[in-house]
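Q: Could you take a close look at one part of this model for me, the place where two of its chains meet? I'd enjoy a connected walk through it, with some of the surroundings added at the end.

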Amino acid sequence: MDLIMSNSVAMILYYFITAFFLLALAKNFLATKSLQEAALYGIIMIPFVLRLLRLK
Amino acid sequence: MKKNATALFCLCLAALLFAGMASAEAPKLEGPYLVTTCGQSPGAVMLRMSALQAGVQAEHDNALSAPALAGKKAKTLIVTAGTSMKGMGAAGTNVNKEIERCTALMEAARSAGMTVVGAHIEGMARRTDSSDEASIEAVMGAADIILVVEDSDSDGFFTRYAGEHGKPIVKVKDALAIGNALK
Amino acid sequence: MTIRTAKAVILLIAGGCAAVAGLLFKEHREYREAVVVSPYITEVKKLSDYSDSVKDSVNDANVYIFDSGVPGGTAVLIGGTHPEEPVANMSAQIFTENVKPLQGKVIVINRINRSASLGTRMGEAYPRFYHVKTPWGTKKWRYGDRVASPLDSWPDPEVYIHYPSGQNLAYMDIRNANRTWPGRPDGLLAERTCFAAMELIRKEKADVVMDFHEAELEYAVENTIVVHEKGQPVAAMASMMLTSQSFDVPIGMEFSPKALHGLSHREIGDHSHAVSYLAEVAEPMLDRIRGITDEELLMSGKDRFVMKAGEHKLLYAPIDENGWPAHKRTARHVTTMMTILQVHNMLTPDKAIILDGIPSYGDLMDNGMGQYFADPDASPAERVFFD
Ligand SMILES: [Zn+2]
């Protein structure tokens, strides 16, 4: 497999990882009973969303 | 107070006189020239190009060593001081090896009856670090005559040095003006 | 307020932040810079016309070709290698918009690493755009990063092994268009970009290649021309002439190290018949010790913290309360290129490249840059291109 192909596959895998962590964060966000934790999860989710949408 | 001022004035006058004498004493530089660098900075290339456009014969070799002097017909050896990390890296050398090569070279040139000039012609940009300092110290120490551009001497370092060590100094406006000074 | 409502509020606020940030990022990434080419344009090609390696990629840059029709040499000007050095692409664009070739040919790329100009450096709070006042209004450019965007080239290797030297370089330098020369057709984005540019240089039989940059004052290689050994006499003469006749702050010269790979001044000279030059000018915005990081600093080059460092002799370039304004930096680059050509023409008259229409150092210092950029809205559509 050439370099461009393998790099593209790795990049796609990275998006799956990003999606996975976003889902995990969302799940924690929904489950938590602490307001502070909820706020924290809310902020942390922002870069994951932006990366998934290929904005940054 | 007044006494002090008078003393200072006298001192200034003496310094001026001395400076005047020093430059009057400066032997006329005579070609053909042989140019090298102590620190692999582009000064030697610049010097040769400046000479070339003024119609002065100058040969340049950044790795010139004492044994290689034998076959040369030059009357004056010019060694430019100031170092380039990029240049020394590219040539696989360092400032200590450069100083060793150049001091031996300058010694050999003097024994062969050549005039030895220590030059600093790339301005303050080559007076920044300890390598520059070491190269300047070594080259100027072994030189008969000092050649600098105004920017290199903008803090008066070379003028002071020449005065302290009783060496004639030739100061030109900039690197481009060196060619005419070598005529 | 229940925890549910609180979470909804949090989600709304975070979502709002993401939306605002996303829109700002999107605007930056999608903004296209208008270029009004000079009336003497011969042809506008794409980098992919020289190699398929960048076809359909974000780095398929415009290649502006100005051929005098009179036999002579060929010069290639590269801007935008590091888009956090804005004077590099502006200097190139001064040529694109004003040049009138009298002999030989000049080829300009304003934005060689476009991807790097589509987002700013993460964590640095850079401004997204910068502006220049012109007689017809304000002209706007994208400010960027040093390396290609991770959206376009990802992931980076653990260690970047430079091709073909095998030298180990830092991982992010595989996105750095001044560490990926001479490139390869099957490498990552920056490697493919440099390969295509290398193909251009070879196919157009370029004699002179200039790569414009800017550097922090804390960096030793500053206000200088870095040159391949093939161009030593030209660079030496040019730097002496510029220091003597044009510039207030001298411009020096550095030899391109033989063992440092991936850089344009080394690899272009090694892998083509061209002589490669790289010009550096002081950009206080890039200094680590700078103060407020905004467009004002970028364009005026005034910073009291950098000045303070200068007082303590920690810098490799002088700076005072006048700073290093962008028009002065541009004037230096443009004049450096013109002087290098002048010396090149003297030493190799059969390969002469004679250019007219380019403002002098004095012109740019007196008038600023604005009047050398044309109004895209008032220009004939066939002369307007977008980078
Ligand atoms: Zn750069």
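**The contact of chains C and A**

A: Happy to, and please keep in mind that this is a predicted model. Between them, chain C and chain A bury about 2,200 Å², and 72% of that area is on carbon and sulfur atoms. On the chain C side, the residues that lose the most area to chain A are Lys7(C), Leu151(C) and Trp154(C), which together make up 31% of what that side buries. The contact draws 28 residues from chain C and 24 residues from chain A.

What holds for polar pairing? The rule finds 7 residue pairs in polar contact across the interface of chain C and chain A, both partners at pLDDT 80 or more, while the count of salt bridges there is 0.

Turning to secondary structure, helix 1 (3–30) and helix 3 (189–203) of chain C each bring at least two residues to the side that touches chain A. Helix 1 of chain C gives the most, with 13 residues. By residue type, that side of chain C splits into 16 nonpolar, 4 polar and 8 charged.

Trp154(C) deserves a second look. A cis peptide bond, with omega about -5 degrees, joins Trp154(C) to Pro155(C). Pro155(C) sits in the loop between strand 8 (137–142) and strand 9 (160–161) of chain C. Another cis peptide bond links Tyr163(C) and Pro164(C), with omega about 5 degrees, and Pro164(C) belongs to the loop between strand 9 and strand 10 (168–169) of chain C. For context, most peptide bonds are trans.

Now for the surroundings. Of the 2 pairs of chains in contact, chains A and C share the most contacts. Chain A and chain B are joined by no contact, and their closest C-alpha atoms lie 32 Å apart.

The largest nonpolar core has 95 residues, and those with the most contacts inside it include Ile178(B) and Leu182(B) as well as Met90(C) and Phe95(C). Helix 4 (residues 232–245) of chain C gives the most to this core, with 8 residues. Beyond its neighbours within four places in sequence, Leu182(B) is in contact with several residues, including Leu29(B), Tyr33(B) and Ile78(B).

One last backbone detail in chain C is Asp56(C), a residue other than glycine whose phi is positive, near 60 degrees. Asp56(C) lies in the loop between strand 2 (43–46) and strand 3 (62–67) of chain C, and is exposed, with a relative accessible area of 76%.

Technical notes: Residues numbered from 1 in each chain as written. Chains lettered and ligands numbered in written order. Predicted model: local features only at pLDDT ≥ 70, side-chain atom pairs only at ≥ 80, totals over all residues. Heavy atoms only, no water. Contact = heavy atoms within 4.5 Å. Buried area = accessible area lost by both parts, 1.4 Å probe. Salt bridge = Lys/Arg side-chain N within 4 Å of Asp/Glu carboxyl O. Polar contact = N/O pair within 3.5 Å; in protein donor to acceptor, adjacent residues only side chain to side chain. Helix = DSSP H or I, 4+ residues; strand = E, 2+ residues; numbered from the N terminus. Nonpolar A, V, L, I, M, F, W, Y, C, P; charged D, E, K, R; others polar. Core = buried A, V, L, I, M, F, W, Y, C linked by side-chain atoms within 4.5 Å. Buried < 20%, exposed > 50% of the residue type's maximum accessible area, 1.4 Å probe, protein only.
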